[in-house]
Amino acid sequence: MLDLYLAHIRFIAGVIQEGVRAGAFRPHNVEAAAFALNEAMRGCFQQRALGLIARSATEDAEILLDLFFHGMLSPHYKEQLS
């Protein structure tokens, strides 16, 4: 199971690394980002499996992509930090 899990993390990290190389993503710790994204996805799947949410998988994907690409800070607050 560990080998399968790590292969999945390497796949995600590879996709993120391609985005960094293409200039779409800023350079950062790709492996840490892959683990974080994977755990966020797992959290959504776990909520569904436990019957805690009624959201669709599409809604979960939209939430995760928004958080991953835009973060949680409002644009106004980001400006204040600059």
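Is I63 buried, partly exposed or exposed? I63 counts as partly exposed because its relative accessibility is 37%, where buried means under 20% relative accessible area, exposed over 50%, and partly exposed in between (1.4 Å probe, protein chains only). The tour comes back to I63 at its last stop.

**Before you start**

This is a predicted model, in which local features need pLDDT of at least 70, side-chain atom pairs count only at pLDDT 80 or more, and totals for chains, interfaces and linings use all residues. Residues are numbered from 1 along each chain as its sequence is written, and side-chain values use heavy atoms, with hydrogens and water left out.

Colour the model by pLDDT, the predictor's confidence in each residue, from 0 to 100. The protein averages 93, and 100% of the residues score at least 70. Helices here are DSSP runs (H or I, at least four residues; strands are E, at least two), numbered from the N terminus. Select helix α1 (residues 2-22) to see where confidence is highest, at a mean of 97. Then select helix α4 (residues 75-81), where confidence is lowest, at a mean of 81. Where pLDDT is low, the predicted coordinates should not be read in detail.

**Stop 1: the core**

Select I9, I12, A13, I16, V20, V30, A33, A34 and L37. These 9 residues are the largest nonpolar core, meaning a set of buried Ala, Val, Leu, Ile, Met, Phe, Trp, Tyr and Cys residues joined through side-chain atoms within 4.5 Å. Helices α1 and α2 are the elements that give two or more residues to this core. The largest share, 5 residues, comes from α1.

Now pick out I9, found in helix α1. I9 is buried because its relative accessible area is 3%. Leaving aside neighbours within four places in sequence, I9 is in contact (heavy atoms within 4.5 Å) with A34, F35 and N38. Measuring from I9 to E39 in the viewer should give 10 Å, C-alpha to C-alpha; the two are 30 residues apart in sequence.

Go next to L37, another member of the core. Not counting residues up to four places away in sequence, L37 touches I12 and F68.

**Stop 2: N38**

Select N38 in helix α2 (residues 30-49). N38 counts as buried because its relative accessibility is 8%. Show its contacts beyond four places in sequence: Y5, H8, I9 and I12.

**Stop 3: the salt bridges**

How many salt bridges does a search of the whole structure find? The search finds 3, a salt bridge being a side-chain nitrogen of Lys or Arg within 4 Å of a carboxyl oxygen of Asp or Glu. Side chains of opposite charge can pair when their charged atoms come close.

Select E39 and R42, whose side chains meet in a salt bridge at 2.8 Å, N to O. The two are separated by about one helical turn, because they are 3 residues apart in helix α2. E39 is partly exposed, with a relative accessible area of 30%. R42 is also partly exposed, with a relative accessible area of 44%.

Move to D60 and R48, which form a salt bridge with their closest N and O atoms 2.6 Å apart. D60 lies in helix α3 and R48 in helix α2, so the pair ties together parts that are 12 residues apart in sequence. D60 is buried, at a relative accessible area of 4%, whereas R48 counts as partly exposed at 28%.

Add R55 to the selection. R55 forms a salt bridge with D60, the closest N and O atoms being 2.6 Å apart, and R55 counts as partly exposed at 29% relative accessibility. Shared partners join R48, R55 and D60 into one network of salt bridges. Leaving aside neighbours within four places in sequence, D60 is in contact with C44, R48, I53 and R55.

**Stop 4: a surface patch**

Return to I63, in helix α3 (residues 57-70), and add L67 and M72. The three form a nonpolar patch on the surface, with about 320 Å² of accessible area together. Patches are made of residues with over 30% relative accessible area and no salt bridge; like charges are joined within 9 Å, and nonpolar side chains (Val, Leu, Ile, Met, Phe, Trp, Tyr) within 5 Å. Accessible areas come from the Shrake-Rupley method with a 1.4 Å probe; for residues, only the protein chains shown count as cover.
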